[in-house]
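Open the model in your viewer and keep the sequence panel visible. The stops below are meant to be selected one after another.

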Amino acid sequence: MEKIILKDIPGLDKIDVYIANGGYSALKKALSEMSKDQVIDEVKKSGLRGRGGAAFPTGMKWGFMPKGDEKPKYLCCNGDESEPGSFKDREIFEKNPHQFIEGALIAAYAIGACAIYIYIRGEYWKWINIIERCVKETYDKGFAGKNILGSGFSTEIYVHRGAGAYICGEESSLMNSLEGKRAYPRIKPPFPAAFGVWGNPTTINNIETLANVPEILNKGGEWYSKIGEPKHPGTLLFGVSGHVNRPGVYELPSGTPLMTIINDHCGGVRDGKEIKMVIPGGSSMPPLTKEECMDMKMDAESLKAVGSGIGTAGIIVMDEDTDIVDILRRITKFYYHESCGQCTPCREGCGWMLKVLQRIIDGNGRQSDLDLLISVAQNIEGNTICALGEAAAWPVKWTVKKFRSDFESRVKDGLKISTKNKVHGLRSSEEYVEVKRETDPVVRELFGTVQENVHNKEVKRFSS
Ligand SMILES: Cc1cc2nc3c(=O)[nH]c(=O)nc-3n(C[C@H](O)[C@H](O)[C@H](O)COP(=O)(O)O)c2cc1C
Ligand code: SF4
């Protein structure tokens, strides 16, 4: 299949190679031949939906922006990419960054933005360096800045480093962070198109979403709408991790069967094992059982029909040896750590779910803990300012519901299990290093040593 984004062209990150392969022709076409509304209509016709998690129709989002020039308007490009299991925007930054920048320039023209903010998580310095170089190349060729290609349209591009928190990827929190404030999500409404960066109309899009735009203008919205599933068309960048032989990012049409991705593209489950559980769209999406995986198509509507979601299309595969309870504890610990703390249900609920999961793992769980976990999760979802609440609640609610027997066996016998398989690799979960040596021999005799798990940083006291 012809790739739309991850094209197999060496050196495509250099502007001359990109231009030699048709790059920036879509921007020229938009500026010289199309009105702003025509660009938005073409994107609407394509059926493009956002790749940042919610699969919201892109053309419709652009259409929400006010038409007048009373206030400055902005475009934010979301390169925070912090959802566990998601690593596909990285491929665009490294392999085809100009296609994303061209898409952002076209979007800025369509919505009338005077500035484009490319927000990238601060630790991702390698991508930031690439994008800063590419932005300079774009200015040097006259594709950005004042009076682009003599069209009368002007827009500036700024690269902004985030300070490194999952919550900064949430759109309203990203805008607060950009303004130099603490990255607290804002209550909506008002939505960004009405009240965005510095209170001005703003559109925010994911990097992959924008990287699709140049080819939509080059080849037409209708062409794009015929790729993959009609209600969620185009290709998706599937980032596959976990227990497969060839993890990586695969660009495939939406609706590609999950088992085709796992078996044909990723070389099957490692060591010929059976699947136990698959998370289809980044760690916040409800998991799939082995049976659900068998004829699952990977697009927003098919996953919605079984109560899950496409999210960021980050697929995490777990084999039959996986300790599901420990995986859920690890995921919950992440959301507990990343909660910004504004809303009580999220702040307290994440901590409660973690405590209950931890006591089940420690062999102190009770049968009633399973319904307690579901109840806490249900009291978080729908009751918070932003969707991090759901991101934390859904994995707990659905993993306990779908894999209940795994939890029941642990609370029934008070079992302590240590499995070798972690979802992110082969390392043992039981490696501890001593972090505090008790110098007093009596204290040491009585209380042992304090040691920290090298992987999950949990501190335990060991008898000496
Ligand atoms: C807690 C949280 C974290 C998010 N992180 C990201 C992210 O890293 N990248 C991203 O594009 N969208 C992220 N989103 C979704 C954004 O809020 C927003 O919907 C998206 O950037 C819109 O772009 P799209 O319409 O192109 O998908 C996150 C949402 C939540 C609730
Ligand atoms: S849901 Fe959680 S992360 Fe989102 S605003 Fe509330 S406390 Fe913060």
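Two strands pair if DSSP finds at least two bridges between them. Helices (H or I, at least four residues) and strands (E, at least two) are DSSP runs, numbered from the N terminus. This is a predicted model, in which local features need pLDDT of at least 70 and side-chain atom pairs count only at pLDDT 80 or more, while totals for chains, interfaces and linings use all residues. Residues are numbered from 1 along each chain as its sequence is written, and chains are lettered from A and ligands numbered from 1 in the order in which they are written.

**Stop 1: strand β1**

Select residues 74-79, which make up β1. Six of its six residues are buried, where buried is 20 or more other C-beta atoms within 10 Å of a residue's own, with C-beta atoms placed from the backbone. In a regular strand the side chains alternate between the two faces of the sheet. Here Y74, C76 and N78 point one way, and L75, C77 and G79 the other.

**Stop 2: the partners of β1**

Add residues 115-121, strand β2, which pairs with β1 in the parallel sense over six bridges. On this side, G79 has I120 as its bridge partner. Then add strand β4, residues 202-206, which runs parallel to β1 and is joined to it by five bridges. In β4, T203 stands opposite L75.

**Stop 3: ligand 1**

Which residues are closest to ligand 1? They are G50, G52, G169, N206 and T209, out of 25 that surround the ligand, each counted if its C-beta atom, placed from the backbone, lies within 6 Å. Two elements, β4 and α18, give two or more residues to this shell. β4 gives the most, with three residues. The shell draws at least three residues from each of domain 1 (15-225) and domain 3 (324-413); these bounds come from an automatic or database domain assignment.

**Stop 4: helix α18**

Select residues 388-402 for α18, a helix of 15 residues. The distance from its first C-alpha to its last is 21 Å, close to the 21 Å expected at 1.5 Å a residue, taken as 1.5 Å times one less than the number of residues. Because 13 of the 15 residues are buried, α18 is largely enclosed by the rest of the structure.

**Stop 5: a five-stranded sheet**

Finish with the open sheet of mixed pairing, ordered β6-β5-β9-β7-β8. β6 (248-253) and β8 (288-289) stand at the edges with a single partner strand each, so one side of each has no neighbour in the sheet. Strand β7, residues 275-279, pairs with β8 in the antiparallel sense over two bridges. M277 stands opposite T289 in β8.

Technical notes
A residue is buried if 20 or more other C-beta atoms lie within 10 Å of its own, exposed if 12 or fewer, and partly exposed in between; C-beta atoms are placed from the backbone.
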